[in-house]
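Work through the following exercises with the sequence and the 3D structure in view. Each task is followed by a solution that goes step by step.

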Amino acid sequence: MSTPTITASPAHSKMDTKTITSIAMLTGVSVIIAWMSKLMPPVMFLDFDFKHVAVCIGGFTFGPMAAAIIGVLSSFIEMITFSHTGPWGFLMNALATCSFCCTASWFYKRNHTQKGAVIGLSAGLVFMVAVMLLWNYLITPLYMTGASGELVSRETVAAMLPTLFLPFNLAKGGMNMAATLLLYKPVVTALRKSGLVPPSQASESKKFSLGFLLFSLALLATFVTYALVLAKVI
């Protein structure tokens, strides 16, 4: 009696390969963005960057799990290459990225519209700010040193939460939210034309309205200006 053979579906295998390729590409893009963002003035030891945009694009396209994979991998690559914050920095980086992008992707997965994107990214921004305030309070005293070289007290960190960590995370999340709203549609359209992303099966509007564009640009300008004020550039 002959042994039955199981043949994998070529289409399914091809789709898996394309998904992995896209996730790897977006991971690389997020690392490059984070590296380039080092050129932007920091607020104390906190760096502004737009890496969440690439992670959110991956999450909006392939789901929250893809956002988590890209977020953790890109944070790890940063840690072993150009970052100087070590494992603590990796932990905080991954928490910030995943709390923002996975939340936004979860909401967007359930409502593939411009409204769904705004709601998802807004929820991601609020959740990230809350998560980072908690983890900054818990973790920052374990690695942050003051002018004397000694670790700062938890009371000192608690006093910095509303004056430093809250405005920083709000500005960073807001910039990434606005940039994602601007770039998601054209980037995913390009990926679909290249064959790396399958055609959309959702009832997502194909129009990128002028009103939505102006809203996204105004949002981006507002948060970038806010970030520059925090960094004492203007």
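**Exercise 1.** Decide whether Asn136 is buried or exposed, and describe its surroundings.

Solution. Begin with the accessibility: this is a predicted model, and in it Asn136 has a relative accessibility of 5%. Since buried means under 20% relative accessible area, Asn136 counts as buried. Next, locate the residue along the chain, where Asn136 belongs to helix 5, which covers residues 114–139. Then look for its partners, setting aside the neighbours within four places in sequence; what remains in contact with Asn136 is Met92, Pro141, Val157, Leu161, Phe165 and Asn169. Finally, take one of these partners, Phe165, and compare sequence with space: Asn136 and Phe165 are 29 residues apart along the chain, while their C-alpha atoms are separated by 7.7 Å.

**Exercise 2.** Find out with which residue Lys172 forms a salt bridge, and work out where the two partners lie.

Solution. The general idea comes first: side chains of opposite charge can pair when their charged atoms come close. Now apply it to Lys172, whose salt bridge is with Asp49, the closest N and O atoms being 3.6 Å apart; this distance passes the test because a salt bridge requires the nitrogen to be within 4 Å of the carboxyl oxygen. As for position, Lys172 is in helix 6, whereas Asp49 is in the loop between helix 1 and helix 2, so that the pair links distant parts of the chain, 123 residues apart. The next step is accessibility, where Lys172 has a value of 8% and counts as buried, and Asp49, with 7%, counts as buried too. To complete the surroundings of Lys172, leave aside the neighbours within four places in sequence, and the contacts are Asp47, Phe48, Asp49 and His52. Another residue to locate is Tyr226, which is 54 residues from Lys172 in sequence and 9.4 Å away in space, taken from C-alpha to C-alpha.

**Exercise 3.** State how many salt bridges the structure holds, and describe the one formed by Glu78.

Solution. The structure holds two salt bridges. The one formed by Glu78 has Lys51 as its partner, and the closest N and O atoms of this pair are 2.7 Å apart. Glu78 is part of helix 3 (residues 64–80) and Lys51 is part of helix 2, so the pair ties together parts that are 27 residues apart in sequence. When accessibility is checked, Glu78 turns out to be buried, with a relative accessible area of 6%, and Lys51 is buried as well, with a relative accessible area of 0%.

**Exercise 4.** Say how many aromatic pairs a search of the whole structure finds, and describe examples.

Solution. The search finds five aromatic pairs. One of them is formed by Trp106 and Phe107, an edge-to-face pair with 5.1 Å from centre to centre and 85° between the planes; the name fits because planes over 60 degrees apart count as edge-to-face. Trp106 is partly exposed at 42% relative accessibility, and Phe107 is partly exposed with 32%. Another pair is that of Tyr108 and Tyr184, which is edge-to-face, with 5.6 Å between the centres and 80° between the planes. Tyr108 lies in helix 4 (residues 86–110) and Tyr184 in helix 6 (residues 154–194), so this pair ties together parts that are 76 residues apart in sequence. Both Tyr108 and Tyr184 are buried, and ring pairs link them with Phe60 into a cluster. A ring can also have a charge over it: the charged end of Arg154 sits over the ring of Tyr137, 5.4 Å from the ring centre.

**Exercise 5.** Describe the chain as a whole, from its elements to its surface.

Solution. Start with the elements, which are seven helices and zero strands. Then consider burial, for which 42% of the 234 residues count as buried. Turning to contacts with a separation of 6 or more, residues 24 or more positions apart account for 74% of them. The last step is the surface: the chain exposes about 12,300 Å², of which carbon and sulfur atoms supply 72%. On this surface, Ile32, Trp35 and Met36 make a nonpolar patch of about 350 Å², and Ile32 has its place in helix 1, residues 10–36.

Conventions:
Residues are numbered from 1 along each chain as its sequence is written. This is a predicted model: local features need pLDDT of at least 70, side-chain atom pairs count only at pLDDT 80 or more; totals for chains, interfaces and linings use all residues. Side-chain values use heavy atoms; hydrogens and water are left out. Helices (H or I, at least four residues) and strands (E, at least two) are DSSP runs, numbered from the N terminus. Buried means under 20% relative accessible area, exposed over 50%, partly exposed in between (1.4 Å probe, protein chains only). Contact means heavy atoms within 4.5 Å. Accessible areas come from the Shrake-Rupley method with a 1.4 Å probe; for residues, only the protein chains shown count as cover. Patches are made of residues with over 30% relative accessible area and no salt bridge: like charges are joined within 9 Å, nonpolar side chains (Val, Leu, Ile, Met, Phe, Trp, Tyr) within 5 Å. A salt bridge is a side-chain nitrogen of Lys or Arg within 4 Å of a carboxyl oxygen of Asp or Glu. Rings of Phe, Tyr and Trp (its six-membered ring) pair if their centres lie within 6.5 Å; planes under 30 degrees apart count as stacked, over 60 as edge-to-face and the rest as tilted. A charge sits over a ring if NZ of Lys or CZ of Arg is within 6 Å of the ring centre and within 35 degrees of the ring normal.
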